[in-house]
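Subject: Structure handover, with notes on pockets and salt bridges

Dear colleague,

Here is the structure I promised to pass on to you. Please have it open while you read the notes that follow.

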Amino acid sequence: MYSFLDRAAIRDLSVPKANKWNIATLTDVEELKLVTPPASLTVFFVGSILLTVPIYDRTIAPIARKVLKNPQGLTPLQRIGVGLVLSIIAMIAAALIEIKRLRSASSHGLTNHPSAQIPISMFWLIPQFLLLGAREAFIYIGQLDFFLRECPKGMKTMSTGLFLSTLSLGFFVSSVLVNIVHKVTGTKHPWLPDNLNQGSLYDF
């Protein structure tokens, strides 16, 4: 897929002296290939956020103003609610794709090989990245709008800090949840084993 990067390791004979600025080692090329596929997926996440905001402003908000008789379109809490629904759909998509990945690993006899490359395209992950990007646009903008609109004037700065603290709190809760699931399911049928090909990540 990224075979064009191999050209970086081919010496240009027109250059009299080779150095690291005009030729790369095979190791450098292979490491770049390993980093580029997962890193490139964030483009779809960020792109989804950038697309969702204008789509909401130009399409969803005008319809919501007419239907709900609300000058804002959707209220901040309604926007957060839409974002939460998108989160649920994204998690369902992630679970279905994980089931597909496990079936592919099983059909190719790779269940007992945790480091084996599963013959499935990474682009199956794009739908959940798009959904999560749209979710971010609805939840975070709605949450920030809620704090700024509903809080008293003297608490605007504090409310912004509270908004950021909820994000960090979410990461802590997520870590605790992972530890709890690992301890509860770790003895018989672990959801999150070291070898994910033998686990049930889709349940998580």
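Which side chain meets that of Arg-101 in a salt bridge? The partner is Glu-98, with an N to O distance of 2.9 Å, and please keep in mind here and below that this is a predicted model. Arg-101 and Glu-98 both belong to helix 3, where 3 residues, about one turn of the helix, separate them. Arg-101 counts as buried because its relative accessibility is 18%, under the 20% limit, and Glu-98 is likewise buried, with a relative accessible area of 8%.

The same two residues come up again in the largest pocket, which has a volume of about 1,200 Å³. Of the 40 residues in its lining, those closest to the centre are Ile-97, Glu-98, Arg-101, Leu-125 and Gln-128. Helix 1 (26-40), helix 3 (76-107) and helix 4 (126-150) are the elements that each give two or more residues to this lining, and the largest share, 7 residues, comes from helix 3. By class, the lining of the largest pocket divides into 26 nonpolar, 7 polar and 7 charged residues.

The second largest pocket holds about 460 Å³ of space. Its lining is made up of 15 residues, and nearest the centre lie Arg-135, Tyr-140, Gly-170, Phe-171 and Ser-174. Two or more residues come from each of helix 4 and helix 5 (156-185), with helix 5 giving the most, 8 residues. The classes in the lining of the second largest pocket are 9 nonpolar, 4 polar and 2 charged.

Arg-135 also takes part in a salt bridge, since its side chain meets that of Glu-136 at 2.5 Å, N to O. Both partners are buried, Arg-135 with a relative accessible area of 19% and Glu-136 at 17% relative accessibility.

The search of the whole structure finds 3 salt bridges, and the one still to be described joins Arg-149 to Asp-145, with the closest N and O atoms 3.1 Å apart. These two residues lie in helix 4, 4 residues or about one turn apart. Here Asp-145 is buried, with a relative accessible area of 18%, whereas Arg-149, at 43% relative accessibility, counts as partly exposed.

Finally, on the surface, Leu-51, Ile-55 and Ile-60 form a nonpolar patch with about 260 Å² of accessible area together. Ile-60 is placed in helix 2 (residues 42-68) and, at 32% relative accessibility, counts as partly exposed.

With best regards

Note on methods
Residues are numbered from 1 along each chain as its sequence is written. This is a predicted model: local features need pLDDT of at least 70, side-chain atom pairs count only at pLDDT 80 or more; totals for chains, interfaces and linings use all residues. Side-chain values use heavy atoms; hydrogens and water are left out. On a 1 Å grid over the protein atoms alone, a cavity is a set of points where a 1.4 Å probe fits but cannot get out, and a pocket is an open set with protein on both sides within 12 Å along at least five of seven lines; lining residues have an atom within 4 Å of a point. Grid points are joined across faces, edges and corners, and a volume is the space filled by probe spheres set on the points. Ala, Val, Leu, Ile, Met, Phe, Trp, Tyr, Cys and Pro count as nonpolar, Asp, Glu, Lys and Arg as charged, and the others, Gly among them, as polar. Patches are made of residues with over 30% relative accessible area and no salt bridge: like charges are joined within 9 Å, nonpolar side chains (Val, Leu, Ile, Met, Phe, Trp, Tyr) within 5 Å. Accessible areas come from the Shrake-Rupley method with a 1.4 Å probe; for residues, only the protein chains shown count as cover. A salt bridge is a side-chain nitrogen of Lys or Arg within 4 Å of a carboxyl oxygen of Asp or Glu. Buried means under 20% relative accessible area, exposed over 50%, partly exposed in between (1.4 Å probe, protein chains only).
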